[in-house]
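Reader: I am new to this structure, and I would like to understand how some of its descriptive labels are reached. Could you go through them with me?

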Amino acid sequence: MQHQGQILTTAQKQIISPQLYQQMDIIAMPIQDLHDRIKEEVQSNPALKCSRKKSHDDIIAATVSRPETLKEHLLFQLHVQKTDPRIIEAGELLIQNLDENGFNIEKPETVVKDLPPEIISRAAKLISTLDPPGTCTDGYRESLEVQASLREDAPSHTIDILKNHFEDLGKKKYREIAQSLKISEAKVLEILEFIRKLSPYPGANFSQDQPHYIIPALKITSGKEGIEIFLLDDTIPSLRINSSFEKQGEKNPEAKKFVTEKVREAKAFISLVENRNNTLLRTASAIVNRQQDFFMNGPKSLAPLTQHDIAADMGVSDSTVSRVTSKNYVQTDWGIFLMSYFFTSNISENLSKESVKFRIHDIIEQNKEGKKLSDQKISDILNGQGINISRRTVAKYRKELDIASSFQR
């Protein structure tokens with residue numbers, strides 16, 4: 001955290017060639033992609049020189065011994081959940097039953113035989129909400145329904161269309177769908193556009209044919225000195241201007257223009273890499289300031305946070321924060337997470353959506369022997385704890401936890 005990063009200035013943009021300007025998404029690149037991008041630039045620009053740190057193979061060997069599989073990715077998330085141990089037990093078996101797309105191979109009830117159907121159902125529901133969302137389902141259609149249900153930005157009627165009008169959507173019967181749901185065709189097209197952005201095969205990115213390596217860009221750890229942030233830049237080659245090439249412009253007037261242009265491009269590229277690293281550190285620092293309880297106590301202490309909050313803290317645009325956090329991983333004392341993991345739904349002043357769901361589950365479990373608590377009663381208990389949440393929201397989260405109503409319980 002020795003440097004304070006800045007977003008590209010106008011002066012920087014003016015010296016970037018059209019080809020390099022198209023690569024400004026470098027700020028979003030995970031380490032392995034950045035390593036390859038630097039290699040390409042050094043090979044194409046004689047004005048740029050690098051000092052090797054670790055090779056790409058060394059990067060892989062130093063950080064992971066083999067690709068992280070979909071099952072490993074899900075199992076790690078499952079084991080940090082605060083829930084009934086029986087759900088964890090069932091979840092382990094259900095995850096082992098998934099194919100490469102994240103779908104059930106056998107029916108869950110045939111895989112988990114010694115636990116109640118309610119536990120199996122709750123375990124499957126929990127797994128479907130983990131990253132990537134929509135696994136532990138019976139196919140892409142059900143997966144899309146799960147993904148849409150988890151997205152707060154899903155347009156109204158999205159679930160209706162996925163459940164009841166999916167074939168018509170594929171046949172472009174937009175007018176018929178609109179008439180059936182009593183909405184406009186424009187609304188149907190809006191929903192279609194939203195669905196297209198979902199992942200019909202959520203496990204595909206973890207295919208063994210295309211290894212999914214997890215190489216953290218940052219390390220955040222809690223120690224005696226407090227929470228410390230480290231940029232894992234051992235793997236990033238050190239860039240500098242090739243002085244011998246730069247001098248060629250002085251010796252040969254005919255080549256001066258070419259040399260000058262290549263040196264300018266090299267300086268611009270070096271600036272981009274430095275900007276990327278500094279912005280990563282600044283973003284991580286802003287997240288730590290907002291999520292200190294998480295780094296001290298783990299996922300159960302995740303606080304509400306949005307990209308806009310971090311953007312405001314840093315004085316940058318929301319899109320900059322989105323680019324930085326969408327593909328870069330951070331290594332913590334609690335595991336390795338995408339930086340975007342730390343953005344949560346804001347439910348109350350001090351708790352995230354997942355934390356509130358944990359509390360709802362605990363309240364129901366603690367009172368399961370006595371009179372069954374209604375959603376309104378649970379809302380009253382939470383409000384008494386300083387968590388302002390409506391009966392309707394309690395009902396919504398109870399259903400997401402796959403817990404029956406008080407009458408059905």
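Author: What follows takes a few labels in turn, for a model that is predicted.

Reader: What makes the pair of Tyr140 and Phe166 tilted?

Author: A search of the whole structure finds 13 aromatic pairs. In the pair of Tyr140 and Phe166 the ring centres are 6.0 Å apart, and a pair needs centres within 6.5 Å. Their planes stand at 50 degrees, and because planes under 30 degrees apart count as stacked and over 60 as edge-to-face, the pair is called tilted.

Reader: Where in the chain do these two residues, Tyr140 and Phe166, lie?

Author: Tyr140 belongs to helix H9 (residues 140–150) and Phe166 to helix H11 (residues 166–170), 26 residues apart, so that the pair links distant parts of the chain.

Reader: Why is Phe166 called buried, and why does Tyr140 count as partly exposed?

Author: Phe166 has a relative accessible area of 18%, and since buried means under 20%, the word applies. Tyr140 has 39% relative accessibility, which lies between 20% and the 50% above which a residue is exposed, and therefore Tyr140 is partly exposed.

Reader: How do you know that strands E5 and E6 pair?

Author: Pairing asks for at least two bridges, and 4 bridges join E5 (residues 329–332) to E6 (residues 335–338), so these strands pair, and they run antiparallel. Val330 has Phe337 in E6 as its bridge partner, and a hairpin through 2 residues joins E5 to E6.

Reader: Which cluster includes Phe337?

Author: Ring pairs link Phe337 with Phe76, Phe294, Phe295, Tyr341 and Phe342 into a cluster.

Terms used: Residues numbered from 1 in each chain as written. Predicted model: local features only at pLDDT ≥ 70, side-chain atom pairs only at ≥ 80, totals over all residues. Heavy atoms only, no water. Buried < 20%, exposed > 50% of the residue type's maximum accessible area, 1.4 Å probe, protein only.
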